[in-house]
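Please look over the fold shown here. The report below takes up helix packing, cysteines, loops and surface.

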Amino acid sequence: MQNRRKIVFFTGAGMSRESGLPVFRGDGGIWETLDVDKVASARSWYSGRRADCRERRQAMLDFFNPLRRAIMEHQPNAGHRAIAAFEDNYDVTVITQNGDDYHTRAGSHNVIYLHGEALKNTSSANPYTPLPIDMSEPDIHIGDKAPDGSQIRPYVIYFDENIDKRLWHKAVRAIAEADYFVVVGSSMLVYPAAALVASVRSGCRLIVIDPGEVKLPENCRHEFLHIARPATEGLIQLRYELFLDEKKL
């Protein structure tokens, strides 16, 4: 039996826009109106020597808890399901910058949540070990303790915080073996995740699905196909593009 060709999908906030979640960068993005340092930085969470540490953490939870509830209330969109359907014919890995679980809910089996998973908790002392949440009472409160005794926090990567090395190496290995690397809904500007785009091997076909203008990371000189459509429409066209590729083999 012939080995199936390998596709890596690299997805960002634009992937979940069609599910009703907000985007973080670009026009209308959350970071245009909110102070990143106050609501999403490791410096704010780990500020124990400051007198206002409790207030800083509370501000971060006031931002995160409604976002978590929104993820729970909304559903995967047709684009998430389209990516899962590629598993019928290809060996698929999804690398996502998103904290929502929509790829998994849509049926994808091999998902690398590079920036963490918003529907899980972790401890402040051991932030790379996930803990389950109570889906009926998902909010985190100041004073909630992890088994190690430290304050519970979201299992997400804050700004100024390192990505879990295990997930990073898994993502790099998947990209090294990919025949196709497909970017959907990501600005490709956030490092270190954006460095993954630059690591695409020369024999891999790079495809970017985005309705707007596309700019690759500065250190990426790879030729690419730009499908200038929103996520779901672009994934439908991608199916046709890959069909044409397979006919050439």
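In this predicted model, the buried residues of helix α4 pack against helices α2 (36-40), α3 (42-45) and α6 (102-106). They also pack against strands β4 (116-123) and β5 (152-156).

Helix α4 covers residues 53-73, 21 residues in total. From its first C-alpha to its last it reaches 30 Å. That is close to the 30 Å expected at 1.5 Å a residue. The buried residues of α4 include the nonpolar side chains Met 60, Leu 61, Phe 63, Phe 64, Leu 67 and Ile 71. Arg 56, Arg 57 and Arg 68 are buried in α4 too. So are Cys 53, Asn 65 and Ala 70.

The cysteines come next. The structure holds 0 disulfides. Cys 53 counts as buried because its relative accessibility is 11%, under the 20% cut-off. Cys 204 is buried as well, with a relative accessible area of 4%.

Two loops deserve a look. His 141 lies in the loop between β4 and β5. Which residues does His 141 touch, leaving out those up to four places away in sequence? The contacts are Leu 61 and Gln 151. Leu 61 is one of the buried residues of α4, so this loop residue meets the helix through a contact within 4.5 Å. His 141 itself counts as partly exposed, at 46% relative accessibility. His 141 and Ile 157 are 16 residues apart in sequence. In space, their C-alpha atoms are 19 Å apart.

Asp 160 sits in the loop between β5 and α7 (165-176). Its phi is positive, at about 70°, although Asp 160 is not a glycine. Most residues other than glycine have a negative phi. Is Asp 160 buried or exposed? At 52% relative accessibility, Asp 160 counts as exposed, because the cut-off is over 50%.

The table sets out the accessibility of five residues.

| Residue | Relative accessible area | Class |
|---|---|---|
| Cys 53 | 11% | buried |
| Cys 204 | 4% | buried |
| Leu 244 | 31% | partly exposed |
| His 141 | 46% | partly exposed |
| Asp 160 | 52% | exposed |

The surface also carries a nonpolar patch. Tyr 240, Phe 243 and Leu 244 form it. Together they have about 300 Å² of accessible area. Leu 244 is found in helix α9, which spans residues 231-248. Why can Leu 244 belong to a patch while partly exposed? Patch residues need over 30% relative accessible area, and Leu 244 has 31%, so it passes that cut-off.

Note on methods:
Residues are numbered from 1 along each chain as its sequence is written. This is a predicted model: local features need pLDDT of at least 70, side-chain atom pairs count only at pLDDT 80 or more; totals for chains, interfaces and linings use all residues. Side-chain values use heavy atoms; hydrogens and water are left out. Patches are made of residues with over 30% relative accessible area and no salt bridge: like charges are joined within 9 Å, nonpolar side chains (Val, Leu, Ile, Met, Phe, Trp, Tyr) within 5 Å. Accessible areas come from the Shrake-Rupley method with a 1.4 Å probe; for residues, only the protein chains shown count as cover. A salt bridge is a side-chain nitrogen of Lys or Arg within 4 Å of a carboxyl oxygen of Asp or Glu. Helices (H or I, at least four residues) and strands (E, at least two) are DSSP runs, numbered from the N terminus. Buried means under 20% relative accessible area, exposed over 50%, partly exposed in between (1.4 Å probe, protein chains only). The expected span of a helix is 1.5 Å times one less than its number of residues. A disulfide is a pair of cysteine sulfur atoms within 2.5 Å.
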